[in-house]
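Subject: Structure handover

Hello,

Here is the structure you asked to take over. Please open it first, then read the notes below.

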Amino acid sequence: MYGAGILRGLGVTLRNLARRPFTIQYPEERVPQHPRFRGQEFTWYEQRCTGCASCAKYCPLGIIRIVTDPDGGNEQDGGSYKVDVFDIDQARCMYCGLCVEACPYDALHMGSGFEAATLRREDLVINVDMLKAREKRPSTWFRPQLERAKADPHHGDPVEWREAGREPFPWHPKRPAQTPEEMDHRASADGSYRSER
Amino acid sequence: MGETLADNVIYRNVYAFVEGALGPDWAWAAYAAGGLAIILLVANGVMAIGTGYTWFERRLLGRFQGRLGPNRAGPFGLFQPIADAIKLISKEDIIALGADKVVFTLAPVVMLAPTILVLAVIPFGSGSWLADLNVAALYIAAVSGIATIAVMMAGYASPNSFSLFGSMRAVAMLVSYEVPLVMALLGVTILAQSMSLVDIVEAQALPFLIVTPLGALVFLAAVSAELNRAPFDVTEAESELVAGYMTEYSGMKYGVFMLAEFTNTVVAGAIFAALFLQGWKWAVLPSHLWFLIKVGGFVFVAVWVRATLPRFRLDQILSAAWKYLFPLSLLNAMLLAAEVIIWPERGAAELGIMAAVNWAVSVPAALLWSRAVSLRSAPPTLAALSPRAFSGAAGRARQAPGGEAAPDSAARSAGTEGG
Amino acid sequence: MTLRTEPVVVNVGPHHPSTHGVFRMKLTFDGENIIDAEPVIGYLHRGTEKLAEERQYTQVITLTDRLDYVSSMTNNQAYVLSCERLVGIEPPARGKYLRVIAAELQRVASHLIGVGFFLQELGVFGGTALMYAFRERERILDMFEMLCGARITLSYMRIGGVLQDAPEEFWPSLRSFLDDMPGYADEMQALVFESEIVRARAIGVAPVSAEDAVAASFTGPILRASGVAWDWRKAAPYDVYDQVEFEVPTCEGGDNYDRFWVRMQEVRQSLRIIEQCCAQIEPGPVRATMAMLFRPPPGEAYVPIEAPKGELGFYLVSDGSIAPYRCHVRSPSFMSLTLFREMLVGWKLADAIVTLGSLDFNMGEVDR
């Protein structure tokens with residue numbers, strides 16, 4: 001019958017009139033994010049970072065700048081470089097997460113937020129002091145150990161460096177299978193030993 | 001008219017005030033002042049409803065599409081029209097370089113004129129109308145054509161191809177759709193034996209929507225073409241023509257166009273309510289409110305259609321008018337004329353019989369005729385105009401790489417027919 | 001009586017509501033009829049191929065996200081498949097299944113948008129079906145967020161598998177999506193494809209014969225709409241497409257209506273594939289042992305895949321260094337525009353817009 005298709009279409013829209021709107025009223029409500037969300041609030045554990053700059057090397061845009069001080073730590077002892085500068089230029093960051101994937105010591109993690117708007121471009125650069133001072137709410141992206149521990153950057157508690165375990169990924173053959181216990185006897189980034197538990 | 005006007009409390013007070021101030025020699029001035037007061041009230045009131053209707057339409061359209069629609073300004077976004085108006089007024093009023101300035105500026109005003117003129121003959125409630133014109137139906141058809149002149153002016157004055165496309169489409173549509181519109185009005189006029197809208201409302205013992213479904217259908221189609229509403233909104237076709245004839249307009253000129261357009265929809269709803277939905281009659285609520293509810297029903301359907309139906313192509317619209325709506329409206333008018341001769345006195349019972357006859361005739365007629373009229377697209381005949389068209393595409397196919405890599409042969413065996 | 005009129009040249013785009021990004025058409029009109037048409041591309045050129053030559057193989061994955069930004073997942077897939085052939089590595093089974101599930105979800109999302117725009121371009125204000133399509137796509141994006149932490153720029157696939165295994169909550173939401181989606185597809189079909197106005201507007205408009213389509217290197221839905229049942233998933237199965245059953249829907253007309261119709265049918269086939277993958281997938285590793293930084297042996301590789309818009313492939317040439325020597329993208333959207341002129345000439349402006357939509361090209365992929 002001619003017109004039947006039109007009537008059926010009208011029926012579909014009428015049925016959808018009765019449904020709830022699916023839009024989100026953004027500033028008041030937000031889409032619930034999965035813990036794996038790759039967001040802007042990078043979490044960095046200075047105690048774990050050796051200053052190897054793998055993250056900077058694997059960044060497709062080269063926006064991570066790391067300056068280390070070889071004298072700060074005791075690298076012969078399995079220690080770390082002292083990280084003087086750790087700038088992440090968020091203005092160009094696309095949150096692909098390759099830096100986090102590249103980190104051999106699980107020191108760098110993605111964060112959760114996405115509202116990075118500022119009035120000046122310079123404010124978008126995350127520096128080492130901000131990374132140190134930040135509350136540690138790592139995203140569980142590429143961190144199965146955090147996922148197993150049911151960490152949630154949005155609602156859960158902050159995760160301290162000791163709690164953020166390690167995952168020996170088989171597809172990173174060169175990565176030493178270190179456990180947090182071994183890590184304890186290693187020099188931290190500022191050069192002091194931290195063997196206390 | 002005089003009697004009902006004299007009953008009006010605003011008119012009486014203004015008349016008394018002016019007459020009291022100037023003396024009985026100035027009765028004509030008092031009469032004019034009183035009339036103007038009511039005209040101001042009606043015109044502004046209807047335009048305020050039209051403005052409010054923009055909110056209604058956007059909210060409803062949003063809900064049809066799973067959105068919320070404007071909800072930021074005020075409670076439920078009710079102040080959105082006001083916010084829009086403030087924004088439009090504060091915007092720079094750009095007249096494009098190369099535009100015909102006088103015509104360009106005049107077009108929005110001309111656009112708004114018929115909207116207000118039509119208000120004169122609409123009966124808004126029992127005993128409230130500005131003029132019970134004895135040629136009201138004709139007057140509506142005549143005045144509503146002015147809007148197309150405004151569209152033509154806007155398109156002509158704007159130095160923009162899209163504007164010109166939009167306005168040429170509008171003219172083509174007007175020429176076609178005035179005919180079925182007038183024929184639909186003719187059907188109603190035959191039934192009511194009067195062109196006065198008040199008489200037409202009075203004659204509706206049954207709503208004419210039931211009595212003459214074909215007339216209502218033709219009227220609806222023609223009026224949505226006149227209003228540039230879906231599915232006949234080719235004039236401003238935002239996916240094709242950006243904004244059609246309004247492309248070059250900004251600021252309050254654009255605002256006036258939009259106001260006229262939205263108000264036109266409300267006014268068309270009022271005309272439809274008066275012609276086909278018994279106007280203010282059978283009110284269970286105050287008659288003005290009852291009338292407004294009927295108008296609301298019309299605009300709800302208009303928004304519903306806008307949310308669902310895509311637009312026709314221009315040539316399809318024109319064929320639909322001449323091949324489909326025009327014969328049907330002729331049939332409708334002839335049917336009604338015959339019935340009026342058979343039943344000279346038409347109460348509810350007679351109208352009921354007529355309704356049965358009309359439904360029995362018009363539904364099969366509409367369906368059968370829709371089978372006879374094809375709106376399908378024919379292959380282009382203009383290809384010959386262009387020497388480069390369809391050159392070589394088929395020729396190259398024969399040189400497609402052979403063997404297993406040729407999608408042509410391998411795939412036909414690999415896949416199955418579906419859909 | 002024929003009225004002789006001057007032809008008018010109108011630039012539709014680059015800023016126009018329905019040119020799918022910054023695409024410009026130079027249309028010559030005789031009245032409403034198009035007598036000449038010329039596509040102008042390049043407004044979104046970002047030099048992806050050149051950028052890829054300066055990045056390590058793993059880093060290029062992030063560039064592929066931005067080619068056809070409504071189907072990032074299949075872009076990832078095409079790239080990592082070429083890389084895997086270059087390196088000679090085989091991903092584990094679970095990784096392949098996850099890839100196929102993700103790619104088919106992406107196909108559903110891409111086709112939903114393609115079909116949704118049909119109604120928008122035919123002139124429904126705001127494209128009601130488009131909003132419904134976005135509603136369903138939102139659920140797919142939520143699932144992508146569970147998989148890889150992003151919604152659009154996914155970078156989920158890695159050379160030798162996928163980034164990581166799907167979380168537990170992914171499977172219930174996939175299940176509920178698979179349960180709901182056929183109903184929504186029916187609804188969409190009723191709204192879009194059964195309307196008489198749509199049929200009057202689209203059937204028979206801008207038809208492309210099978211011969212022309214093959215000659216013009218059409219691939220994907222627009223080729224199948226012309227009646228050629230060519231699908232890389234059948235012709236040269238990659239990942240686990242040889243393990244699943246599905247049909248390749250085709251139409252005969254090759255007109256605008258058929259092009260959208262094929263997409264709608266492919267959505268159903270994709271759901272079928274995902275169902276089978278869910279039934280077949282078994283626990284295990286998702287990624288082969290592979291360093292992030294690697295030097296493939298010198299050589300070249302090209303693996304075509306069936307992206308939502310057609311054949312997508314990355315032609316990679318390795319000179320033994322850490323970055324590709326050459327990376328050429330065979331993008332389906334660019335090839336879709338080859339018959340642009342032949343399809344538009346003779347039709348009207350309104351048809352041109354719909355024809356453009358029926359090609360469902362994406363400027364990110366056309367200009368690269």
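One definition is needed before the pockets: Ala, Val, Leu, Ile, Met, Phe, Trp, Tyr, Cys and Pro are counted as nonpolar, Asp, Glu, Lys and Arg as charged, and the others, Gly among them, as polar. Please also keep in mind that this is a predicted model.

With those classes, the lining of the second largest pocket has 18 nonpolar, 8 polar and 13 charged residues. This pocket has a volume of about 1000 Å³ and is lined by 39 residues. Nearest its centre lie T54(B), R58(B), Y254(B), M258(B) and F262(B). Three helices of chain B, α3 (27–64), α4 (80–90) and α13 (251–276), each supply at least two lining residues. The most comes from α13(B), with 8 residues. Where does the second largest pocket lie with respect to domain 1 and domain 2 of chain B? Domain 1 (1–90) and domain 2 (94–372) both give residues to its lining, so the pocket lies between them.

Next, the largest pocket. Its volume is about 1500 Å³, and 45 residues line it. Those nearest its centre are I6(A), L7(A), L217(B), L220(B) and A221(B). Elements from chains A, B and C give two or more residues to this lining: α1 (4–18) of chain A, α11 (213–226), α14 (287–308), α15 (314–342) and α16 (348–372) of chain B, and α7 (196–202) of chain C. The largest share, 8 residues, is that of α11(B). By class, the lining divides into 37 nonpolar, 5 polar and 3 charged residues.

Last, a sheet in chain C. As background, strands of a sheet pair through backbone hydrogen bonds, either parallel or antiparallel. Which pairing does the sheet in chain C have? The pairing is antiparallel, in an open sheet of 3 strands with the order β1-β2-β3. The edge strands, β1 (8–12) and β3 (33–40), each pair on one side only. Neighbouring strands are turned by 20° against each other on average, direction ignored. Helix α8 (161–192) of chain B packs on this sheet and touches β1 and β2 of chain C; its direction makes about 110° with that of β1(C).

Between β1(C) and β2 (24–30) of chain C there are 5 bridges. As one example of a bridge partner, V9(C) has T28(C) in β2(C). Helix α14 (349–359) of chain C lies across β2 and β3 of chain C, and runs at about 155° to β2(C).

Regards

Notes. Residues numbered from 1 in each chain as written. Chains lettered and ligands numbered in written order. Predicted model: local features only at pLDDT ≥ 70, side-chain atom pairs only at ≥ 80, totals over all residues. Heavy atoms only, no water. Pairing = 2+ DSSP bridges. Helix = DSSP H or I, 4+ residues; strand = E, 2+ residues; numbered from the N terminus. Axes fitted to C-alpha atoms, helices over the stretch in contact; angles between N-to-C directions. Contact = heavy atoms within 4.5 Å. 1 Å grid on protein atoms, 1.4 Å probe; cavity = no way out; pocket = protein on both sides within 12 Å on 5 of 7 lines; lining within 4 Å. Points joined across faces, edges and corners; volume = space filled by probe spheres on them. Domains from an automatic or database assignment.
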